[in-house]
Amino acid sequence: MAEGCLINAAKIEKSVIGIRSRIGKDSTIINTYMMGNDDYESLDDINRKHTEILLGIGERCYIKNTIIDKNVRIGDDVRINGGTHLADAETDEYVIKDGIVVIRKDAIIPKGFVL
């Protein structure tokens with residue numbers, strides 16, 4: 001876990017958490033590499049952008065077998081369960097290769113998303 005993180009997760013296991021990462025309460029992170037954020041998001045930034053999804057991982061999320069690039073916004077109640085049961089795929093927000101989910105830089109994953 002790097003410096004400057006804001007962690008309220010219920011569980012983090014076999015994971016690397018990068019600089020200035022934020023993980024919301026009751027979230028579970030397993031076998032994941034989270035690169036972190038280039039900057040903190042101030043209250044002024046949040047109000048100016050009118051964003052509901054903050055930088056980092058929201059509340060009550062389950063993230064497993066995932067690489068999360070920099071400056072990603074993951075909404076509340078997201079479930080990403082990487083593994084060999086997933087077929088290779090590519091979208092604007094993520095790539096799946098050999099069961100590993102890679103969330104692209106600056107991606108926004110909406111609340112309630114399931115993969």
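Start with the largest cavity in this predicted model: its lining is made up of Ser21, Met34, Gly36, Asn37, Gly56, Ile57, Ile68, Asp69, Asn71 and Val72. The space inside comes to about 40 Å³. How many cavities of 30 Å³ or more are there? The count is 1. If you wonder how such a hole is found at all, rolling a probe the size of a water molecule over the atoms shows where empty space is left.

From the cavity, let's move to a salt bridge. Lys70 and Asp38 pair up, with their closest N and O atoms 2.9 Å apart. Lys70 sits in the loop between E7 and strand E8 (73–74), while Asp38 belongs to the loop between E5 and helix H1 (43–49), so this pair ties together parts that are 32 residues apart in sequence. Are these two buried or exposed, or something in between? Lys70 has 26% relative accessibility, so it counts as partly exposed. Asp38 is partly exposed too, because its relative accessible area is 32%. The general idea is a simple one: side chains of opposite charge can pair when their charged atoms come close.

How many salt bridges does the structure hold? There are 7. Another one of them joins the side chains of Lys11 and Glu13, at 3.3 Å from N to O. With 38% relative accessibility, Lys11 is partly exposed, and Glu13 is partly exposed at 31%.

Then there's a little network: salt bridges link Glu59, Arg60 and Asp77. Within it, the side chains of Glu59 and Arg60 meet at 3.1 Å, N to O. Glu59 is partly exposed, with 27% relative accessibility, and Arg60 is partly exposed at 41%. The remaining member, Asp77, lies in the loop between E8 and strand E9 (79–81). Asp77 counts as partly exposed as well, since its relative accessibility is 38%.

Asp77 has something else worth a look, and that's its backbone. Its phi is near 60 degrees, a positive value in a residue other than glycine. Arg20 is another case: it isn't a glycine, yet its phi is positive, at about 55 degrees. You'll find Arg20 in the loop between strand E3 (16–17) and E4, where it is partly exposed at 23% relative accessibility.

A positive phi also turns up in a hairpin. The hairpin of E11 and E12 has 2 residues between the strands, and Asp98 there takes a positive phi near 55 degrees. Strand E11 (residues 94–97) runs antiparallel to E12, and 4 bridges join them. Which residue in E12 is the bridge partner of Tyr94? That would be Ile103.

E12 has another neighbor to pair with. Strand E7 (residues 62–68) and E12 pair in the parallel sense, over 3 bridges. In this pairing, Ile67 has Val102 of E12 as its bridge partner.

Now look at the two faces of E12. In a regular strand the side chains alternate between the two faces of the sheet. Strand E12 (residues 100–103) has Val101 and Ile103 on its covered face, with Ile100 and Val102 on the uncovered one. Put that beside the hairpin: Ile103, the partner of Tyr94, is on the covered face, whereas Val102, the partner of Ile67, is on the uncovered face.

Ile100 and Ile67 come up again on the surface. Together with Val16 and Tyr33, they make a nonpolar surface patch of about 310 Å². Tyr33 brings in another strand, E5 (residues 28–34). Why does Tyr33 count as partly exposed? Because its relative accessibility is 39%, and the partly exposed class runs between 20% and 50%.

For a last stop, go to Gly24, in the loop between strand E4 (22–23) and E5. Is Gly24 buried or exposed? It is buried, because its relative accessible area is 5% and the cut-off for buried is under 20%. Gly24 also gives you a way to compare sequence with space: Gly24 and Ile109 are 85 residues apart in sequence, and their C-alpha atoms are 14 Å apart in space.

Technical notes:
Residues numbered from 1 in each chain as written. Predicted model: local features only at pLDDT ≥ 70, side-chain atom pairs only at ≥ 80, totals over all residues. Heavy atoms only, no water. Patch = residues over 30% accessible without salt bridge, like charges linked within 9 Å, V, L, I, M, F, W, Y side chains within 5 Å. Areas by Shrake-Rupley, 256 points an atom, 1.4 Å probe, with all protein chains shown as cover. Salt bridge = Lys/Arg side-chain N within 4 Å of Asp/Glu carboxyl O. Buried < 20%, exposed > 50% of the residue type's maximum accessible area, 1.4 Å probe, protein only. Pairing = 2+ DSSP bridges. 1 Å grid on protein atoms, 1.4 Å probe; cavity = no way out; pocket = protein on both sides within 12 Å on 5 of 7 lines; lining within 4 Å. Points joined across faces, edges and corners; volume = space filled by probe spheres on them.
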